[in-house]
Amino acid sequence: MTSPASAEEPAGFAVPLTGKLTRLVALSPAEVAALAALQTPTRPIARNREIISAGRKYEGVFVLIGGVAIRYRELRDGRCQILNIVLPGDFIGFPACFFETALYSITALSEASVSWVPFADLFALFHDHPRLAATLFCSFSCETAMYAEHLIDVGRRSARERVGHFLLELLTRLQAIGLADHRSYRMPLTQELIGDALGLSVPHVNRTLRQLREEGLVSIDGQIVVIRDLEALATLADFEQAYLNRFRIGELLG
């Protein structure tokens, strides 16, 4: 098995947001150029540095060009709930920065690079490239669907189901941007991070990963995640990837 690409390395697409949207709908040369403008210039972000800070006001959003980040909410007593893993091509600051002050914080999990998109530039797409703007904002429905699945994770799924669903979701999302092969990927996951994302203690995550490994379903070696039996893990976790990649955008836009 060849080593999967890392999200910390350049993405499968030089402009990852463009790569994601072209999988949904055919873009014109002018639309591709407009998207490229949103993804340049880039600025580096150090590992563990906050990109968005909850409680601050922002006049735009970022696009993650390379690296991995986490969107989270920290409670007063220091407990943390990770809401989502941010991957290349994702917007940073949606929906948090659309409010008076940012609702959540976003921190780089690895060395990363981002581009800054002022709200004026984002909203100008509705005038200059209305079809592209519609595609872009329709694509945000994927993030809403992920939040719904994560709510089901913590509310109804068992620990084995939660971990399996989480790892399969990451596999599917990374495949969409050329950063995973058929069953494996590289991701700086720790047991603490998985626990904060799924509402599980570190010992519980440890036991669950060991059980999944013993069942021949999953193995994690350092930063390499391998799904040993895709079909069996998807059945266990009740994972259906329709909420990640089966959009009607092209049909709706005609």
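In strand 7, Ile-106 is the bridge partner of Ile-52. The structure is a predicted model, in which local features need pLDDT of at least 70 and side-chain atom pairs count only at pLDDT 80 or more, while totals for chains, interfaces and linings use all residues. Residues are numbered from 1 along each chain as its sequence is written, and side-chain values use heavy atoms, with hydrogens and water left out.

The pair Ile-52 and Ile-106 belongs to the antiparallel pairing of strand 2 with strand 7 (residues 105-108), which extends over two bridges. Strands are DSSP runs of E with at least two residues, helices are runs of H or I with at least four, and both are numbered from the N terminus. Two strands count as paired if DSSP finds at least two bridges between them. Strands 2 and 7 are part of an open, antiparallel sheet of four strands in the order 2-7-4-5. Strand 2 (50-52) and strand 5 stand at its edges with a single partner strand each, so one side of each has no neighbour in the sheet. Neighbouring strands here are turned by 35 degrees against each other on average, direction ignored. Helix 4 (residues 130-156) packs on this sheet and touches strand 4 (69-74) and strand 5; its direction makes about 140 degrees with that of strand 5. Such angles run from 0 to 180 degrees between N-to-C directions, with axes fitted as lines to C-alpha atoms, for helices over the stretch in contact.

Leu-83 lies in strand 5 (residues 80-86). Leaving aside neighbours within four places in sequence, Leu-83 is in contact with Arg-71, Tyr-72, Tyr-104, Tyr-147 and His-150, where contact means heavy atoms within 4.5 Å. From Leu-83 to Glu-215 the C-alpha distance is 28 Å, with their positions 132 residues apart in sequence.

A second topic is the open sheet of three strands, ordered 9-11-10 with antiparallel pairing. Its edge strands, strand 9 (184-186) and strand 10 (218-221), each pair on one side only. The twist averages 15 degrees from one strand to the next. Strand 11 (residues 224-227) is joined to strand 10 by four bridges, and Val-218 stands opposite Ile-227. Strands 10 and 11 form a hairpin with two residues between them, and Gly-222 in the turn has a positive phi of about 65 degrees. Three bridges join strand 9 to strand 11, also in the antiparallel sense; here Arg-186 stands opposite Ile-224. Strand 11 is covered on both faces, with Ile-224 and Val-226 buried on one side and Val-225 and Ile-227 buried on the other. Buried means under 20% relative accessible area, exposed over 50%, and partly exposed in between, with a 1.4 Å probe and protein chains only.

Ile-227 also appears in the largest nonpolar core, which has 43 residues; Ile-85, Phe-166, Leu-167, Tyr-185, Leu-189 and Ile-227 touch the most other members. Helix 5 (residues 159-175) gives the most to this core, with eight residues. Apart from this core lies another, of 35 residues, among them Leu-21, Ala-69, Ala-108 and Leu-125. A nonpolar core is a set of buried Ala, Val, Leu, Ile, Met, Phe, Trp, Tyr and Cys residues joined through side-chain atoms within 4.5 Å. Not counting residues up to four places away in sequence, Phe-166 touches Ile-85, Leu-189, Leu-193, Ile-194, Ala-197 and Leu-198.

Some backbone details lie in loops. Most residues other than glycine have a negative phi, and most peptide bonds are trans. A cis peptide bond, with omega about -10 degrees, joins Thr-40 and Pro-41; Pro-41 is in the loop between helix 2 (29-38) and strand 1 (42-45). Asn-48, in the loop between strand 1 and strand 2, has a positive phi near 70 degrees. Asp-238 has a positive phi near 55 degrees and sits in the loop between helix 8 (230-237) and helix 9 (242-245). Asp-238 is exposed, with a relative accessible area of 59%.

Taken as a whole, the chain has 10 helices and 11 strands. Its radius of gyration, 18 Å, is close to the 18 Å that the globule rule gives for 254 residues, so the chain is as compact as a globular protein of that length. The radius is taken over C-alpha atoms, and the rule is 2.2 Å times the number of residues to the power 0.38. Of the 254 residues, 49% count as buried. Among contacts between residues at least 6 apart in sequence, 72% join residues at least 24 apart.
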